[in-house]
Amino acid sequence: MQAWLDALLALLALPQYGLSTVFIAAFVSATLLPVGSEPILFGLLKLNPDMFWPAILVATVGNTLGGAVDWWMGYGAHKVADKYSHSKHHVRVLGWLERLGPKACLLSWLPLVGDPLCAVAGWLKLPFWPCLGYMAIGKFLRYVCMTVALLYVFPS
């Protein structure tokens, strides 16, 4: 099993696959699918430490574009959201998001709530480009912090 995993990680870390694998994993993980891109990013960087900044930037771009897809899905989801708009919790969260505006998308990096937050921002018709900018900042900081922490905890 270990040999198979090592061979897979070595294949995915090849320059012709490594960054594209990180991009796809980061993009998919930003959608509402429960996939994490950090292990793939970490594996690539363990095998190719010199690719730290390119890999962080590719992961950030992929994750931000996935957040943009969430925003557009939320923008078109009025009918579905109207079914759940009767709870007090829902009204309180929407009020909080409307007060914060696009800056709420800084929290798009959070597990479980970050990706739906992007969709809700679209549903509320918060301005797309400021939301995208704040998503990119939050996701970039998450990837830098998570990767540095993982590399610190699991040194060579």
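What percentage of the 156 residues of the chain count as buried? In this predicted model, 40% of the residues of the chain fall into the buried class.

**Figure 1. Overview of the chain, which has eight helices and zero strands.** Read from the N terminus, the elements follow one another as α-α-α-α-α-α-α-α. When contacts between residues at least 6 apart in sequence are considered, 78% of them join residues that are at least 24 apart. The chain exposes about 9200 Å², and carbon and sulfur atoms supply 75% of that area. The close-up views that follow begin with a pair of helices and then turn to salt bridges and single residues.

**Figure 2. Close-up of the packing of helix H6 against helix H7.** Helix H6 spans residues 88–100 and helix H7 spans residues 114–123, and the two pack at an angle of about 75° with their axes 11 Å apart. An angle from 65 to 115 degrees counts as roughly perpendicular, and H6 and H7 are therefore described as roughly perpendicular to each other. On the H6 side the contact is made by His-90, Leu-94 and Leu-97, which meet Leu-117, Val-120 and Trp-123 of H7. By class, the residues of this contact comprise five nonpolar and one polar, with no charged residue in the contact of H6 with H7. An α-helix has 3.6 residues a turn, so residues three or four places apart point the same way.

**Figure 3. Close-up of helix H7, a mostly covered element in which eight of ten residues are buried.** The buried residues of H7 are Gly-114, Asp-115, Leu-117, Cys-118, Ala-119, Ala-121, Gly-122 and Trp-123. Two of these, Leu-117 and Trp-123, also take part in the meeting of H7 with H6. Just after H7 comes Lys-125, with a positive phi of about 60°, and this residue has its place in the loop between H7 and H8. The phi of Lys-125, near 60°, is a positive value in a residue other than glycine.

**Figure 4. Close-up of the salt bridge between Arg-142 and Glu-38, one of two found in a search of the whole structure.** The closest N and O atoms of Arg-142 and Glu-38 are 3.1 Å apart. Arg-142 lies in helix H8 (residues 128–153) and Glu-38 in helix H3 (residues 38–47), so this pair ties together parts that are 104 residues apart in sequence. Arg-142 is buried, with a relative accessible area of 13%, and Glu-38 is likewise buried, with a relative accessible area of 17%. Side chains of opposite charge can pair when their charged atoms come close.

**Figure 5. Close-up of the salt bridge in which the side chains of Asp-115 and Lys-139 meet.** The N to O distance for Asp-115 and Lys-139 is 3.9 Å, and a salt bridge requires such a pair to be within 4 Å. Asp-115 lies in helix H7 and Lys-139 in helix H8, so the pair ties together parts that are 24 residues apart in sequence. Asp-115 and Lys-139 are both buried.

**Figure 6. Close-up of Ile-137 and Leu-141, which are found in helix H8.** Ile-137 counts as partly exposed, at 44% relative accessibility, and its C-alpha atom is separated by 6.6 Å from that of Leu-106, a residue 31 positions away along the chain. Leu-141 is also partly exposed, with a relative accessible area of 47%. The C-alpha atoms of Leu-141 and Thr-60 are separated by 8.8 Å, although these residues are 81 apart along the chain.

**Figure 7. Close-up of Ala-77, in the loop between helix H4 (52–75) and helix H5 (78–82).** At 24% relative accessibility, Ala-77 counts as partly exposed. From C-alpha to C-alpha, Ala-77 and Val-120 are 9.0 Å apart in space, while in sequence they are 43 residues apart. Val-120 is one of the H7 residues that meet H6, and this view may therefore be read together with that of the H6 and H7 packing, where the two helices are roughly perpendicular.

How values were computed:
Residues numbered from 1 in each chain as written. Predicted model: local features only at pLDDT ≥ 70, side-chain atom pairs only at ≥ 80, totals over all residues. Heavy atoms only, no water. Axes fitted to C-alpha atoms, helices over the stretch in contact; angles between N-to-C directions. Helix = DSSP H or I, 4+ residues; strand = E, 2+ residues; numbered from the N terminus. Parallel < 35°, antiparallel > 145°, perpendicular 65-115°, else oblique. Contact = heavy atoms within 4.5 Å. Nonpolar A, V, L, I, M, F, W, Y, C, P; charged D, E, K, R; others polar. Buried < 20%, exposed > 50% of the residue type's maximum accessible area, 1.4 Å probe, protein only. Areas by Shrake-Rupley, 256 points an atom, 1.4 Å probe, with all protein chains shown as cover.
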